[in-house]
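Morning, everyone. Please put the model up on your screens, and keep the sequence beside it.

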Amino acid sequence: MELEAARRAVLAAVRGTCAADLPRLLHWMRNTNDFDELVVSNDDVVLKNIAEDLRNHLPIEAMFNSEHQAIQKIHQHPLPMIHVDAFLYDDDFVDSLCEEGKMSRSYCTECGSYKTASLEFISHSFSLMELKFLYQHVLPDLTGKVVVDVGSRLGAVLFAGYLYSSASQLYGVEMNADFCQLQEMMITKYQFIDRIKVVHADICTQASLLQKADVVVMNNVFEYFLDRQEQARAWEFIACNVRKRGSLLVTVPSLKESLSKLQTDIQLSQWVEEMQLNYDVYMEKDVDREALEQIHLYKIL
């Protein structure tokens with residue numbers, strides 16, 4: 001049954017319900033979990049299994065000691081901040097960790113008192129919700145296309161791209177050897193080797209790869225890992241080499257926000273056109289609209 005026919009059938013069933021039972025039916029439809037199995041695909045299960053495997057190889061904060069600069073920047077943040085990898089830990093998982101005393105959502109502003117404030121969370125990975133939104137609603141059909149994830153970290157963008165898209169090749173460029181090793185482990189275990197390749201390198205050495213990319217993904221990629229001068233250099237390199245007309249650039253946060261504190265010669269209006277996204281198209285429960293609105297899509301001019 002096609003979508004329009006299914007929609008008409010559902011509406012007909014609702015309208016055919018006797019008036020006395022209609023309020024209870026509508027309440028059930030709004031609150032039931034009976035539809036969950038219809039929206040949880042096998043690909044979702046595979047991604048959740050990968051996340052579980054990765055959790056078993058990482059400390060709870062999902063950061064390695066080799067990430068010196070990122071750890072230092074988090075510690076220097078004006079307000080207490082904690083790194084919670086969104087691919088590994090959804091809100092329900094975080095709640096369970098808080099209940100077990102392994103994590104907290106708040107901190108004491110005055111030691112020994114009941115005066116508390118919410119911790120600021122930061123993630124360097126997309127959540128499952130964001131990955132599905134990216135591949136199912138933001139990006140077009142990727143058949144035969146090349147995707148490059150700059151700063152691939154745990155490989156979430158690569159694994160989701162393998163499962164949710166028909167991209168011919170998915171490249172992850174990652175400077176940290178520890179994360180490259182983790183990605184390779186998952187690629188081998190889940191037999192993704194035919195379409196995924198991880199490159200252990202600084203993105204500024206990968207001009208040819210960027211030049212052939214049809215889609216480039218950059219999620220919180222430089223701010224916590226490079227000083228401002230290095231960030232500016234990296235963005236200049238990206239702007240110089242991501243030039244294939246009509247190719248797409250996905251960023252979190254927006255380019256304007258990322259570049260606002262840096263001194264660069266990048267003229268956004270001459271490089272990209274931002275594409276408007278429909279953030280209401282994502283139909284699953286418990287949607288974090290604020291997180292989706294951080295995703296920006298640009299077309300290269």
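Let me start with a question: is D202 buried, partly exposed or exposed? D202 is partly exposed, with a relative accessible area of 27%. The cut-offs settle that: buried means under 20%, and exposed means over 50%. One caution before we go on. This is a predicted model.

Now, what does D202 pair with? D202 forms a salt bridge with R233. Their closest N and O atoms are 3.6 Å apart. D202 sits in the loop between β7 and α10, while R233 sits in helix α11, so the bridge ties together parts that are 31 residues apart in sequence. R233 is partly exposed too, at 43% relative accessibility.

Why would such side chains meet at all? Side chains of opposite charge can pair when their charged atoms come close.

How many salt bridges are there? The count comes to 7. Let me show you some others.

Take K132 and D44. Their closest N and O atoms are 2.9 Å apart. K132 belongs to helix α7 and D44 to helix α4, so this salt bridge ties together parts that are 88 residues apart in sequence. Both K132 and D44 are buried.

Next, K189 and D53. They form a salt bridge as well, with the closest N and O atoms 2.9 Å apart. K189 is in helix α9 and D53 is in helix α4, 136 residues apart, and the pair links these distant parts of the chain. Look at the two ends. K189 is exposed, with a relative accessible area of 52%. D53 counts as buried, because its relative accessibility is 14% and the limit for buried is under 20%.

There is also a network. Salt bridges link D280, R289 and E293.

Let's go inside. The largest nonpolar core has 53 residues. Which residues have the most contacts inside it? They are I50, Y135, L139 and F192. Several elements each supply at least two residues of this core, including α4, α7, α9, β7 and α14. The largest share, 8 residues, comes from α8. Apart from this core lies another, of 33 residues. V150, V173, A201 and A239 are among them.

Back to Y135 for a moment. What does Y135 touch, if we skip residues up to four places away in sequence? The list is L142, V147, V157, A160, G161, Y164, S165 and L170.

Now find A156. A156 is in helix α8. At 4% relative accessibility, A156 counts as buried. Leave aside its neighbours within four places in sequence, and A156 is in contact with F87 and L131. A156 and F87 are 69 residues apart in sequence. In space they are 6.9 Å apart, C-alpha to C-alpha.

Last stop: the strands. How do β6 and β7 pair? Strand β6 covers residues 169–174, and β6 and β7 pair in the parallel sense over 5 bridges. One of the residues to find here is E174, whose bridge partner in β7 is H200. Add helix α9, and β6, α9 and β7 make a right-handed β-α-β unit. That same helix α9 holds K189, the salt-bridge partner of D53 in helix α4.

And the side chains along a strand? In a regular strand they alternate between the two faces of the sheet.

That's my tour. Over to you.

Notes. Residues are numbered from 1 along each chain as its sequence is written. This is a predicted model: local features need pLDDT of at least 70, side-chain atom pairs count only at pLDDT 80 or more; totals for chains, interfaces and linings use all residues. Side-chain values use heavy atoms; hydrogens and water are left out. A nonpolar core is a set of buried Ala, Val, Leu, Ile, Met, Phe, Trp, Tyr and Cys residues joined through side-chain atoms within 4.5 Å. Buried means under 20% relative accessible area, exposed over 50%, partly exposed in between (1.4 Å probe, protein chains only). Helices (H or I, at least four residues) and strands (E, at least two) are DSSP runs, numbered from the N terminus. Contact means heavy atoms within 4.5 Å. A salt bridge is a side-chain nitrogen of Lys or Arg within 4 Å of a carboxyl oxygen of Asp or Glu. Two strands pair if DSSP finds at least two bridges between them. A crossover is right-handed if, with the strands pointing away from the viewer, the path from the first strand over the helix to the second runs clockwise.
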